[in-house]
Every structure is written in C-alpha cells, then in structure tokens.
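Here is a set of exercises to work through with the structure open beside you. Try each task before you read its solution.

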Amino acid sequence: MSYVVVGAGPAGVIAAETLSRLGHGGNITLVSGEPEAPYSRMAIPYLLAEDIQEDGTHLRHGKGHYDDLGIKVVHERVASIDSKGKSLAFESGGSLGYDKLLLATGATPVRPPIPGMDLDGVKSCWTLEDARQIIANSKPGDNVVLMGAGFIGCIILEALVARKVNLTVIEMADRMVARMMDKTGGDIIADWCENQGVKVMISTRVNGVSENGDGTYKLELEGKDSINADLVVCATGVKSNMEFLEGSGIETDMGVLINEHMETNVPDIYAAGDVAAGFDFMTDKHDVHAIQPTASEHGRCAARNMAGDRTAYRGSLVMNTLNTLGLISTSYGLWDGAEGGDESISVDKERSKYLRLNFKDDVLVGTLALGMTQHVGVMRGLIQTKTPLGKWKDVLMEDPHQIMSAYLACAQDASRRIG
Amino acid sequence: MSWQGQILRVNLTKGTAVAEPLNMEWANAYIGERGLGTKYLMENMDPKADAMGPDNVLIFATGPLNGTMASTSGRYAVICKSPLTDGIGDSNSGGKFGAFLKYAGYDLLLVEGKAAKPVYLHINDDNVEILPADDIWGTTVWNTEEWIKAKHQNPQLRIASIGQAGENGVLFSAVVNDLHRAAGRCGVGAVMGSKNLKAVAAYGTKGVTVDDPKKFMEVVKATHAKLAESGGRQELTEGGTHPMIDMMQEWGGLPTNNFKEVQFKGIDGVNPAATTTPNENGHTNLITNKACFGCTIACGRISHIDPEHFTIKNRPEYMHASGGLEYETAFAFGPVVGVDDVDALTFANYMMNEHGMDPISFGVTLAAAMELYEMGVLTKEQTDGIELKFGNAEALTVMAEKTGKGEGFGKELALGSKRLTAKYGHPDLFMGVRGMEFAGYDSRALQGMGLGYATSNRGACHLKHDVFGPDMEDVSGKGKAQPVKESQDMVSMIDSTGLCLFTTSGWGPEDFVAQLDAALPGEWTLERCVESGERTWTLERMFNQGAGQTGADDTLPKRMLEEPAPSGNAEGKVNELSVMLPEYYKLRGWTEDGKPSNETLARLGL
Amino acid sequence: MQKSLLIDADKCTSCLQCEMACSFEHEGTFNPARSRIKIFEFEHGKRSVPYTCTQCAEAWCLHACPVEALVRNKETGAVEVKDDICVGCKVCTIACPFGTVNYNPDTGKVIKCDLCDGDPQCAEACPTDAIVYVDAAWTGLDRMQQWAAETDNKPMANA
C-alpha cells in the first residue's frame with residue numbers, strides 16, 4: 001500500500017505520523033511544497049518577534065523523526081492529479097503513484113484586486129520566507145502599514161510592534177478580528193492597540209498602493225487622506241490551495257468537500273486541514289476553519305480512514321485564541337449567538353475585559369472572551385459535550401464568570417451519570 | 001524575602017494609592033501583622049484622634065509567614081483606633097483575603113483619611129483603583145462580595161468588606177472576608193465605615209518567596225507532621241472550638257444570663273451534640289468542616305438551618321449552607337442570653353456575617369439589655385414589642401437582624417454594652433473591660449483569664465494570653481500573673497507572624513521561631529521573637545496611654561470582683577484581681593500605677 | 001502500573017496547601033495564581049473541589065500544539081510542557097476541553113500538571129488525603145475518560 005500525503009503542515013504531518021503509528025504497513029510519502037523542514041505557521045509571529053529561532057518553528061524536533069517513522073519526505077510542488085491513473089505530477093516534471101492520497105495543501109494568502117499589490121514593498125506574512133523578508137525590510141522606527149486586521153493580521157501585528165515599527169492597521173470591516181469577535185470585542189481590542197501606540201483605522205478601504213520614488217510607498221484610501229509607508233504587510237485573508245485539482249474531478253467549494261470519513265467524491269482521495277471544507281460541529285455545514293486544532297483532528301481522522309479503520313468524524317468546533325499586544329481573546333463555536341438563543345454578557349471596557357456566553361436552551365453553544373487566561377478550555381468542554389446546564393444556566397445568565405463552577409458542577413454530574 | 005518589602009498607602013481624602021518600601025527596621029523589630037501594624041499605626045496617627053474621624057488610620061497587616069506553606073498562613077490583622085474602647089483596635093481574621101493581599105505584593109495596606117462618597121478598593125498586583133461603591137453601599141457583605149467579583153470578572157478576588165452595621169457605625173461592627181471570616185472585635189468595621197470604605201478586593205500573582213527555601217520546606221514538613229499528630233489539633237478538626245462549651249459548663253465557667261450564672265440549663269440545645277443530632281424534622285445542623293488559607297487544622301464549621309425553622313421558614317435566601325457555630329458564637333447567642341435553640345443561634349451567626357458584626361459583643365450587649373428588661377428598666381415599647389427576656393430565641397434573632405440593619409431597638413444595641421448600660425443608668429451591668437465585652441469565660445472560675453481580660457490592650461479579650469492550664473489547676477489568683485504576662489508576650493509574637501493561634505494545639509514557641517528563621521533573612525532566635533512580642537505589647541499599652549487610658553482601666557466589672565460565682569468549681573469565689581495586678585505590673589517592669597518604666601522602655605528600644 | 005492523582009472533593013477543606021506546593025515545586029515561590037492544580041469553592045464554602053489535569057489518553061493539548069512543545073512522559077504518563085519549545089500560542093489552552101492548560105502571562109508560556117515527574121507535590125502536601133497518588137486503576141480514571149469521550153472529536157471506531 002502506498003500512502004501519499006500532499007502538504008507538510010500540521011494536518012499532513014499528523015496524518016503521516018498517524019499512518020505510521022497505526023502500524024498497518026505500507027509506504028508513506030510526505031510531499032512538502034516548501035524547501036524547509038515541516039514547520040508551523042502558528043510559530044512565525046514568534047520568529048518575527050525574535051522570541052524563537054527558525055528551528056523553533058519546526059513541527060517536530062527529534063533528529064530523524066520522519067525517518068524513524070518510515071515517512072519519506074520529498075520537497076516537490078504538485079502540478080496536477082491523475083485520479084484515474086492514481087498518480088501525481090510534480091511541477092519539477094517527476095511523478096508519484098499512490099493507492100491512498102491525502103490532500104493537505106493548506107491555504108495561501110490572497111491580496112485584494114487593487115493596483116500596486118505586486119510592488120516590492122508589499123509583503124504577505126505566510127511562509128518562513130515571507131517572515132525573513134519582513135525581518136529584513138523593517139527596522140525600528142519604520143512606517144509600516146498592516147492591511148487587514150483579521151486573525152492572521154493580528155498575530156503579525158504583535159510581531160511588528162515587537163520590532164518597534166510605527167504601525168498603522170487598516171481594516172475594511174467595521175471592527176478588528178471580525179471573524180472571531182463581535183463589535184464590542186473588536187472595539188475593545190482596537191482601543192487596546194491604540195493605547196499602545198498602534199494606529200487603527202477600521203471601515204477603511206485601500207484603493208491602491210504606489211511608489212513615491214524614494215523607497216517609500218503611498219496608500220490611497222477611500223474617502224480619507226492617503227498615507228505613506230516604508231513597508232506594507234498584506235494580511236487580507238487566505239484561500240485554500242486547490243488550483244492543482246483542476247481536471248481531477250474533485251468537488252470543491254470554499255475548500256475541498258469531504259464527507260464524515262474525510263473522503264472527497266473521488267475514491268481513495270481524502271482531504272484535511274485548511275484545504276478541506278469539513279463538517280462544522282455546530283452548524284453541520286461544510287466550512288473551512290483554517291485553525292490548528294481542526295487541522296490536527298482532520299489529519300488523525302483521515303489517516304485512520306485511509307488505513308482502513310473506518311472512522312466517522314463528528315465535525316470540528318471552530319475556536320480561536322489570539323494575543324493582541326498582551327490582550328488575550330478567545331472565541332468558540334457560535335460566538336455571535338444562536339438563533340432563538342440567550343446570551344449572557346459581562347463587559348468592562350475600562351479594563352478591557354469581556355465575556356459573552358451564548359446558549360441555545362440550557363446548552364452552551366458559543367463564547368467570546370477577552371482578558372481571560374485561566375481554564376478557558378472548559379468552554380470547549382461544555383460546548384462540545386452539549387451538557388445541559390439546568391439551573392446553572394440561570395447562574396450564568398446572572399454572572400457568566402461562574403463558568404468554572406458551572407463546569408465543575410455539571411461535569412461532575414456527567415461523570416456520575418456515566419458511573 | 002518572606003516579607004514583600006512593600007506597603008500600600010491609600011489616602012481616601014486625596015484619592016491616592018501609593019506603594020512605598022516597607023520600613024525594614026520596624027519589620028525586624030516587630031516581625032509583621034499585629035506588631036508591625038501597631039508600629040505603623042503609632043507612627044501614622046495621634047492616639048487622641050477621634051476613632052470615627054478621618055484622622056484614624058485603618059491598617060490591614062499581613063505577616064511574614066502569610067502565603068507560605070507554614071500551616072495556617074492566612075491570618076491578617078486589622079489595626080486602628082477602636083471606637084468601642086477608644087484604645088488600640090487590633091482584630092485578626094483568617095479566610096483567604098490576607099494571603100492574596102500579600103500575593104498582590106503588599107505586607108500591609110494603610111488607609112488614611114475619608115472618602116467624600118462611598119468607595120471600594122480594587123487591588124490587582126500593582127494595579128490599585130479607588131472605585132465608587134454607590135451600587136453596594138447599603139447592602140450586605142454577601143452581596144458585596146458577589147457584586148465585586150462579577151464587576152471585575154474575577155471570581156478569584158478575595159474581599160474584605162463591611163455590611164450595613166459598619167456603614168451605620170455599630171460600635172462592634174466587623175470587617176468580614178470570604179463570606180464568613182471576620183476581624184470581628186474592636187469595631188474595626190465601624191472605622192472602615194467612617195471612612196466611607198465599603199470593601200477591599202485583592203488578587204495577586206506575585207507569590208511569596210522565603211529566604212532559605214530548602215530549610216524552610218524541611219521545617220514546614222516537620223511542623224506539619226507535629227501538628228497533624230497532636231491530639232489538640234485532632235479535636236479542633238473534629239469539633240472546632242465548640243466542644244469548649246461542654247468543658248466550661250462542667251467547670252462552671254460558662255457565662256450565662258449576662259454573667260449572673262456560670263452554668264447553663266439549656267446546654268443540650270447549644271453544644272456540639274445539638275449540631276450533629278438530627279432534630280424532629282430529621283435536619284442536622286452541621287454539614288462539614290472547612291479551612292482557612294494554608295490551614296491544616298480546618299476548625300471552621302459549615303452548617304445550615306432547618307428550612308422549617310421559624311427564622312427562615314419563608315426566607316429561602318437563608319436556606320443555603322454558611323458559617324456554623326464555634327465556641328464563642330455558641331456562648332454569645334446561647335448561654336449568655338439564655339437561648340437554647342441551635343438553629344436560632346446559627347441564624348444569628350448568619351446575621352453577624354451578612355451584616356458584619358462581632359457576635360461576642362452583640363451577644364453580651366443583648367444580654368445586658370435583657371437584664372435591663374427583666375429589671376423593668378427597658379419596656380416592651382422600647383424594644384419594638386419584643387419580649388427581651390433571657391431565653392427568648394426570637395429576641396435573639398430579631399435583634400441580630402435589626403442591629404445589622406440599623407432598625408428600631410437595634411440602634412440602641414449598636415452602642416455596645418458599656419454605652420447602653422450607662423445610658424439606662426446601670427453601668428455595672430456592662431460585662432467587659434475598656435468598653436469591650438467579655439468572651440465566653442467567667443473571670444471568677446478562670447482567675448488568670450480575668451487578669452488577662454483586665455490587662456488586654458484591646459479590652460476584654462480571651463485571645464491575647466493563654467493560661468488555661470494554670471487556670472484549670474487552681475481557682476485562685478496565686479501564681480497567675482507570670483503565665484499571663486509570659487503568654488501575652490508569646491501570643492503577641494504569634495499574632496505577628498501571620499499564623500493562627502490555634503496551631504498552639506500542636507506547636508510550641510520553638511516551632512514558630514524555626515519557621516520564621518527559615519523564612520526570613522537574619523537570625524531569629526526564641527529570645528528575639530519573644531522580646532518582639534513584649535515590645536508589641538508595650539507599644540499597644542503606650543497607644544492606650546496616649547489615648548488617655550490609665551492603670552485604672554485595668555479592672556473588671558463589680559460582678560466579677562464582688563458577686564461570688566453561684567455554682568461550679570469557683571462557687572463562692574470572686575476574681576482576685578487586686579492580688580494579681582500589682583504582681584503583674586512588677587513582672588512587666590511597669591510602675592505601680594501601670595505605666596511602663598523608663599528602664600523597660602529603654603530595654604525594649606521604645 | 002501507571003499511577004495517577006485520585007481526587008476526593010468531599011475530603012477537601014479548601015486550605016490551598018496543594019496550590020502552594022505546586023507553585024513552589026514549579027516556580028520556586030508560593031504562588032497559587034501559578035499553580036497547576038486549583039481549588040474551586042461553591043455554595044458559601046460548603047464544597048471545594050480540587051481540579052487538575054487527568055493526563056487523558058486523548059491529549060487534545062498535545063495534538064493541538066503546533067510545535068511539539070507538549071510531550072508525553074513515558075514513565076509517568078504525564079503530558080509535559082517543554083518550556084524551551086513552547087512559543088505561547090495558547091492553542092492548547094483552548095483545545096483542552098477540561099481547561100487544565102493555562103497561559104502564564106509572566107513567562108508567555110503555558111503551564112499544566114506534569115505530576116512532578118512522578119512525585120506530585122500536591123498529594124504530598126494535602127493534609128486530608130483529598131488528593132492521593134495511586135495506581136491508575138483506582139482512580140476512576142476510566143470514568144473520567146468516558147466522560148471525556150463525550151467531549152471527544154475522537155474518531156469512533158467502526159462507525
């Protein structure tokens with residue numbers, strides 16, 4: 001049996017490792033599209049902030065880790081798939097046959113369709129190479145504009161501030177981190193950033209970027225004065241890497257569509273991680289979560305199914321955590337509320353603290369938190385077990401910060417119920 | 001090391017909160033908590049100042065062993081001038097507040113001045129805020145804790161606050177922390193209220209480090225084991241302090257009906273057995289025991305009231321568990337007011353915690369009012385239609401609530417026994433010293449206790465000396481002055497460490513010293529520690545003298561000195577204070593009229 | 001046989017000796033705010049519940065870590081944080097459905113129970129045996145893990 005995993009991010013690496021550890025035999029090949037050892041994008045911001053060295057971004061640290069597990073790592077970019085002939089064609093010209101194929105090719109940043117996005121001074125921050133470029137091109141005191149205050153943008157923001165640049169953040173939406181924070185939370189984060197010297201411009205559209213001729217760049221803003229920058233970092237979103245699937249017959253939407261066994265519509269081809277539109281635990285719909293825990297779960301589950309341990313996936317719960325200049329934010333599930341549900345909110349703007357719990361009946365379905373660092377995970381526990389909170393819901397409606405007490409009381413009951 | 005090296009000075013008049021370095025010279029001389037707090041008080045105010053005025057200073061003091069693994073490391077002291085005694089007010093409490101104030105980085109919190117409007121303090125490490133308390137002023141301790149935790153989105157905040165009693169200036173109001181732990185005595189809650197300070201909320205992440213960690217952990221391991229193995233400790237774990245009530249009943253030292261009697265007919269309704277035996281509805285009062293911070297004894301009781309009991313029948317808000325009876329509350333709501341209904345006692349205890357009052361002073365004040373009522377001095381019209389007779393459980397529970405809320409006759413009880421009995425023309429019925437009411441031990445049956453009461457700097461207190469041994473050997477004043485003096489110094493030292501006095505159920509002086517020596521820089525010998533205790537004692541005495549007290553205040557009520565005990569081991573005896581006191585002064589190196597001599601002051605570096 | 005922490009909340013007096021012992025072992029200072037085990041109090045202090053990591057077999061934290069900073073100790077079975085590798089991304093803190101991995105803002109890394117390399121100091125310090133370190137079979141660990149399974153995204157075999 002020949003297993004091929006395309007993509008050496010967390011989903012791909014975990015899948016390859018799981019295939020090896022399941023011990024069903026076969027050859028395992030991990031195809032990496034980048035020249036580096038498999039690394040984690042999650043760690044790039046810490047590299048930018050110089051908290052870690054490059055090897056600190058590596059997914060695995062053991063010497064000979066992949067060899068020891070019998071995983072062959074090849075550095076190739078896949079050009080196309082011949083699903084009938086069961087083989088991959090590489091951009092370099094070579095090819096590789098497979099019996100079972102996992103697509104774990106992740107995502108790539110997209111830049112908005114405006115003039116000047118291809119200029120030298122406009123960088124993405126996605127790969128290790130991007131990170132090197134940003135480090136090389138930003139010095140303390142430089143004017144840097146960050147386009148996009150989404151999740152990725154905010155991670156980079158932390159690193160850029162650590163590099164002591166003069167930072168302006170421009171966001172098209174009406175708030176920061178719009179994909180994980182409501183307006184209240186987004187505004188608290190924006191205030192926090194402003195208080196630390198970062199200029200935040202929300203509801204602002206960049207119409208184009210041009211060179212000033214002295215090595216600096218000009219950003220034209222819609223309805224506002226243009227601004228200058230030494231460097232523009234673009235973090236306006238990502239899209240799943242699916243171009244090479246053209247002609248393969250594999251169905252896609254925002255990502256590669258997969259069933260509960262992580263299978264695509266084409267036999268023996270599976271997908272996992274940021275490229276996959278898997279089941280969302282809360283909505284039962286297909287969605288690309290593009291988060292580490294989902295990638296990890298996808299990778300493990302896909303590997304089991306590829307190896308013949310037929311395993312259904314219950315769907316992933318969307319969750320995010322972010323550290324914006326020391327302000328920690330978290331979101332889970334239906335963080336913006338469930339239809340017909342209740343919400344319990346505690347907000348203290350002065351101290352940048354916020355907690356919002358969303359319920360459907362007496363079950364927790366989503367949460368938002370700012371400034372909370374202890375026992376955050378119990379929110380996942382309560383959401384994912386769909387634990388009926390009973391009288392504790394009333395307590396939480398009064399004071400959402402009783403969440404830990406509610407969890408312990410209900411979890412212990414649950415444990416007794418089973419016992 | 002062990003000390004945090006920093007204090008927090010809050011001036012409510014100016015609205016400022018400033019951290020300043022701990023005065024290390026004072027720390028080395030007074031250890032911490034009670035001693036160090038007294039030194040800071042002395043240096044920051046004029047003892048003549050009005051206790052209820054802005055010039056009084058309110059200090060929350062931790063000790064060097066607070067927040068360490070030394071057993072019972074959660075005690076803190078509230079120190080100020082007492083409005084009840086007009087002398088030194090020094091009241092300590094357990095729970096967890098003290099340790100977390102220290103974890104926030106402060107050995108001591110010093111509050112000066114008076115806020116223009118009600119405020120509370122929020123301390124989160126270096127972040128200190130003085131915030132408006134309009135939403136909680138006029139509410140209970142229990143509501144205040146809940147509100148502040150929710151407001152600051154931090155269920156881990158530890159809070160010391162006052163109830164309406166402190167706001168209304170009830171002279172024996174307490175500072176309550178962690179729902180049912182209190183700096184109960186001396187009216188420290190009234191001082192906090194006079195400053196318009198509703199609460200102090202603290203949380204800290206700074207930790208406490210000790211000077212010699214390896215040695216400290218060795219010592220702590222040994223002291224933990226010693227305490228664990230001691231029989232006295234086991235009794236405290238199993239029964240709390242409550243079993244003392246059966247012992248005092250048997251001895252004939254259990255103050256009953258305002259100290260007219262020394263044994264209580266209704267003992268079976270208020271003793272430990274009453275809390276553990278199911279009543280006719282099958283309800284058992286006592287649920288479990290709980291500990292204060294770092295405590296390996298866990299003497300605290302958690303109880304609940306029978307939902308059918310008259311006190312709470314239509315009040316579901318009191319059907320939850322809360323702090324239960326210990327010896328002093330059992331005495332103060334039981335024998336001394338003649339009540340024998342354990343759930344009524346428990347309800348009165350809830351009232352004390354919820355509204356922030358000292359059970360001892362309340363109970364003994366109510367006892368005096370009951371005596372006045374039975375004498376016909378007080379009438380039913382004056383007592384809101386309540387039969388204020390000894391033994392009336394309803395009188396106890398209703399008056400506890402009225403006093404807490406500042407209603408009706410509760411406003412009279414709020415004066416404390418000394419002022420109440422004087423107001424109604426019978427000052428001899430005040431059972432206490434320096435304006436503060438007696439605890440649950442009769443001075444005729446426990447002679448050394450009587451001397452301890454008479455000389456205790458904060459007024460009639462049972463916790464500033466430890467002479468049970470000698471007192472139970474012999475019912476006379478002979479040979480009592482020395483153990484009183486020596487144990488007063490020892491207790492002053494223990495009260496200055498940040499640890500609880502109840503550890504003496506298993507520890508000797510050397511155990512406290514060993515823990516201090518490992519935790520603190522420098523060499524801490526028994527001699528140095530005891531001398532520090534004596535220094536503290538003497539400094540407290542100087543505060544009182546500065547406030548206008550003299551040797552004439554070292555006395556006991558006529559009932560103790562002239563009315564013989566009616567029964568028990570001391571039947572026919574009175575307290576022999578006139579024998580003990582001169583001997584005591586001499587041992588202390590004080591003049592015949594009770595002033596520390598110049599030589600004594602010089603010896604102690606005062 | 002592997003050992004684990006057996007917690008009996010009914011015996012807990014809420015003294016927090018365990019929190020001090022834990023922080024002392026890991027941080028060299030008595031600091032409950034940095035303890036890996038926590039006591040939660042309920043109902044006016046009637047109940048107190050010690051709570052820490054069960055070293056669950058699923059180890060959501062370990063699998064969610066993007067840089068392999070969480071590693072299973074084969075001797076003790078504990079999932080340990082490798083401080084030199086942890087970047088502080090906090091993904092494990094949201095992935096753990098028990099909420100027993102916490103971020104430490106002082107160090108910018110996460111902390112969790114590591115069973116003190118087989119000699120848990122919380123159990124050592126507990127005066128009432130509310131926390132003991134015993135053979136795993138005695139702990140009702142299976143029961144907890146069963147409950148954990150409800151939380152699980154874990155693939156169900158042969159579905």
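A residue counts as buried if 20 or more other C-beta atoms lie within 10 Å of its own, with C-beta atoms placed from the backbone. By that cut-off, 7 of the 8 residues of strand β27 (residues 363–370) of chain A are buried, so the strand is largely enclosed by the rest of the structure. Please keep in mind throughout that this is a predicted model.

**Exercise 1. The neighbours of a strand in chain A**

Task: Find the strands that are joined to β27(A) by bridges, and give the direction of each pairing.

Solution:
- Step 1. Begin with strand β24 (residues 327–333) of chain A, which is joined to β27(A) by 5 bridges and runs antiparallel to it. To place this pairing, look at A:Tyr332, whose bridge partner in β27(A) is A:Thr367.
- Step 2. Turn to strand β26 (residues 353–360) of chain A, where 7 bridges make an antiparallel pairing with β27(A). Here A:Lys360 has A:Val363 as its bridge partner.
- Step 3. Check the connection: β26(A) and β27(A) form a hairpin with 2 residues between them. In that turn, A:Asp361 has a positive phi of about 55 degrees.

**Exercise 2. Chain A as a whole**

Task: Decide whether the radius of gyration of chain A agrees or disagrees with that of a compact globule, then describe the chain's make-up.

Solution:
- Step 1. For 419 residues, a compact globule would have a radius of gyration near 22 Å; chain A has 23 Å, so the two agree.
- Step 2. Add the extents: the C-alpha trace spans about 70 × 60 × 40 Å along its principal axes.
- Step 3. Count the elements, and you find 10 helices and 27 strands in chain A.
- Step 4. Look at burial and contacts. Of the 419 residues in chain A, 52% are buried. Among contacts between residues at least 6 apart in sequence, 63% join residues at least 24 apart.

**Exercise 3. Domains of chain A**

Task: Work out how many residues of domain 1 of chain A are in contact with domain 2 of chain A.

Solution:
- Step 1. Take the bounds from the domain assignment: domain 1 (2–108 + 238–306), domain 2 (122–234) and domain 3 (326–418).
- Step 2. Locate the centres of domains 1 and 2 of chain A, which lie 30 Å apart over C-alpha atoms.
- Step 3. Count the contact: 12 residues of domain 1 of chain A meet 13 residues of domain 2 of chain A. On the domain 1 side, helix α2 (residues 44–48) of chain A provides the largest share, 4 residues.
- Step 4. Sort that domain 1 side by residue type, which gives 6 nonpolar, 2 polar and 4 charged.

**Exercise 4. Where chain C touches chain A**

Task: Identify which element of chain C gives the largest share of the side that touches chain A.

Solution:
- Step 1. Set out the contact, in which 38 residues of chain C touch 50 residues of chain A.
- Step 2. List elements of chain C that give two or more residues to this side; among them are β2 (38–42), β3 (47–51) and α5 (141–151).
- Step 3. Pick out the largest share, which is the 6 residues from α5(C).
- Step 4. Classify the chain C side: 25 residues are nonpolar, 9 polar and 4 charged.

**Exercise 5. A strand and a helix in chain B**

Task: Describe the surroundings of β4(B) and of α14(B).

Solution:
- Step 1. In strand β4 (residues 76–81) of chain B, 6 of the 6 residues are buried, so the strand is largely enclosed by the rest of the structure.
- Step 2. Find its partners. Strand β3 (residues 58–61) of chain B pairs with β4(B) in the antiparallel sense over 3 bridges, and B:Ala61 stands opposite B:Ala77. Strand β5 (residues 88–93) of chain B is joined to β4(B) by 6 bridges, also antiparallel, with B:Val78 opposite B:Ser91.
- Step 3. Move to helix α14 (residues 393–405) of chain B, which reaches 19 Å from its first C-alpha to its last, close to the 18 Å expected. Of its 13 residues, 10 are buried, including B:Leu396, B:Val398 and B:Met399.
- Step 4. Name what the buried residues pack against: α5, α11 (327–333), α12 (342–355), α13 (359–374) and α15 (410–413) of chain B. Just after α14(B), B:Gly406 takes a positive phi of about 75 degrees.

Technical notes
Residues are numbered from 1 along each chain as its sequence is written. Chains are lettered from A and ligands numbered from 1 in the order in which they are written. This is a predicted model: local features need pLDDT of at least 70, side-chain atom pairs count only at pLDDT 80 or more; totals for chains, interfaces and linings use all residues. Two residues are in contact if their C-beta atoms, placed from the backbone, lie within 7 Å. Ala, Val, Leu, Ile, Met, Phe, Trp, Tyr, Cys and Pro count as nonpolar, Asp, Glu, Lys and Arg as charged, and the others, Gly among them, as polar. The expected span of a helix is 1.5 Å times one less than its number of residues. A residue is buried if 20 or more other C-beta atoms lie within 10 Å of its own, exposed if 12 or fewer, and partly exposed in between; C-beta atoms are placed from the backbone. The radius of gyration is taken over C-alpha atoms; the globule rule is 2.2 Å times the number of residues to the power 0.38. Two strands pair if DSSP finds at least two bridges between them. Domain bounds come from an automatic or database domain assignment.
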